[in-house]
Structures are given as C-alpha cells and as structure tokens.
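Student: I would like to learn how the names given to parts of a structure follow from their definitions. Could we go through some of them together?

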Amino acid sequence: MNSKNEGIEMKPILKQDREEISKYDITKAAHPGICFFHIFFKFCAFFSYLFLGLIISSTLFQYILIMIFHSFDFYTVKNITGKFLVGLRWYSDFTPKGDEIWRFECFDKCKRSKIDSSVFWTFQFGASCAWAFFVFTNVLSFEFVDIIFAGIGASLSWINLWGFYKCSKDQQRKMKGVQSYLTKKGLQMAVQS
C-alpha cells in the first residue's frame, strides 16, 4: 500500500451507491415537472434576492419580484408539490366560535417515488435553512430592509416545512431517530470528558 493511501479505504462504486447518487435525478421521478417547479421557484426567489440588485437599478422592482417568487414558492409547495411529491397536505380551518384548527392529511402512497420525496424534503429543508442563514447574516450586518425580505422567505419556508413535517409520520420517526442519536452522542461526550 502506498504511504499516501494509508488509512484510506478505497472501494468500488456499488449499485447502492449509484442509487444514492441518482436519487435527485428528476428525469426519473414520477412527477418530473412538479419536481422542477418545486426547485424553480425557490431558485428564482434566491436569485432575485442575491443577484437582481446587480442587474436592475430599481430596488422597489427587486423587492416586488422577491415577494412574487416567495408567494409562488409558498403556494406551489403548500398546494401542489406537497400533494403530488409526498402525498401530504396541511391547512388551517376555523370553528364556528372563531378558533383556528390546523389540519394535517396524508394521502395514499401509490404513485410516490423516492426521487420525488428526496427532492421535496431536501430542497424544502435546504431553502428553509438558507433563508434563516440570510436573516442571521443580515441581523449581524444591520441590513434592516434585507432582514424583512429574508425573514419573509424564512417564515414562509419554515411554515411549509413545519406543516409537512406534522403531516409525515415518516419524517417524525426520522427526527426522533436523529434526536436519540444526538442525545446518545452527547451523553458519550459528557462521560468521556
């Protein structure tokens, strides 16, 4: 064995590894068009937030486009991509007394694919974290107007993420597994200290 490769285990790419690589190939998804729009409106919102100010000089027009793309993304995720990609739907309803009730629904999984689910959860969680990061950096740099627009993006993304998380028993089970793993690792580190 070469001294440069000591301690590094080299293994060939297995069929399982190829499947992991291709789990985001939307051309093989059950709903490729819906996967595209799930990603497209998020990309448009990020692009208009980050780069539209370099292209156009009107900040008012930039902020209007950001809000339009935030709205398209929220509506598309809540009413279309959530239903078709992962078979979940959430909404709020009001009782006759005026109390708000949140409803969470899970549809059958007959036409769901792993690619659809991977695209939905990865891009929804990634966008939510990215908007939260933008809010945090704008707070540190005292960019108050940008805080508002990044905050709107973060709140809309996190509301959708939370609603679909409450609908999905599978995601709740995965999060409990992550929580127990982190708790176990934290206790191990505390004992070792």
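**From values to names**

Tutor: Let us begin with a pairing: D93 has I101 as its bridge partner in strand 2. The model is a predicted one, in which local features need pLDDT of at least 70 and side-chain atom pairs count only at pLDDT 80 or more, while totals for chains, interfaces and linings use all residues. Residues are numbered from 1 along each chain as its sequence is written, and side-chain values use heavy atoms, with hydrogens and water left out.

Student: What makes strand 1 and strand 2 a pair?

Tutor: Two strands pair if DSSP finds at least two bridges between them, and here seven bridges join strand 1 to strand 2, so the condition is met. The two strands run antiparallel and form a hairpin with five residues between them. A strand here is a DSSP run of E with at least two residues, a helix is a run of H or I with at least four, and both are numbered from the N terminus.

Student: Why is the contact between R103 and D93 called a salt bridge?

Tutor: The term requires a side-chain nitrogen of Lys or Arg within 4 Å of a carboxyl oxygen of Asp or Glu. The closest N and O atoms of R103 and D93 are 3.7 Å apart, so the pair qualifies. R103 lies in strand 2 (residues 100-106) and D93 in strand 1 (residues 88-94), so the salt bridge ties together parts that are ten residues apart in sequence.

Student: How do you know that R103 is partly exposed?

Tutor: Buried means under 20% relative accessible area and exposed over 50%, with partly exposed in between (1.4 Å probe, protein chains only). R103 has 34%, so it is partly exposed, and D93, with 31%, is partly exposed as well.

Student: What makes K42 and D73 a salt bridge?

Tutor: Their closest N and O atoms are 2.8 Å apart, so this pair also meets the cut-off. K42 lies in helix 2 (residues 32-50) and D73 in helix 4 (residues 59-85), so the pair ties together parts that are 31 residues apart in sequence. Both K42 and D73 are buried.

Student: What makes a group of residues a nonpolar core?

Tutor: The term covers buried Ala, Val, Leu, Ile, Met, Phe, Trp, Tyr and Cys residues joined through side-chain atoms within 4.5 Å. The largest such core has 16 residues, and those with the most contacts inside it are Y49, F69, W131 and F134. Its largest share, five residues, comes from helix 2.
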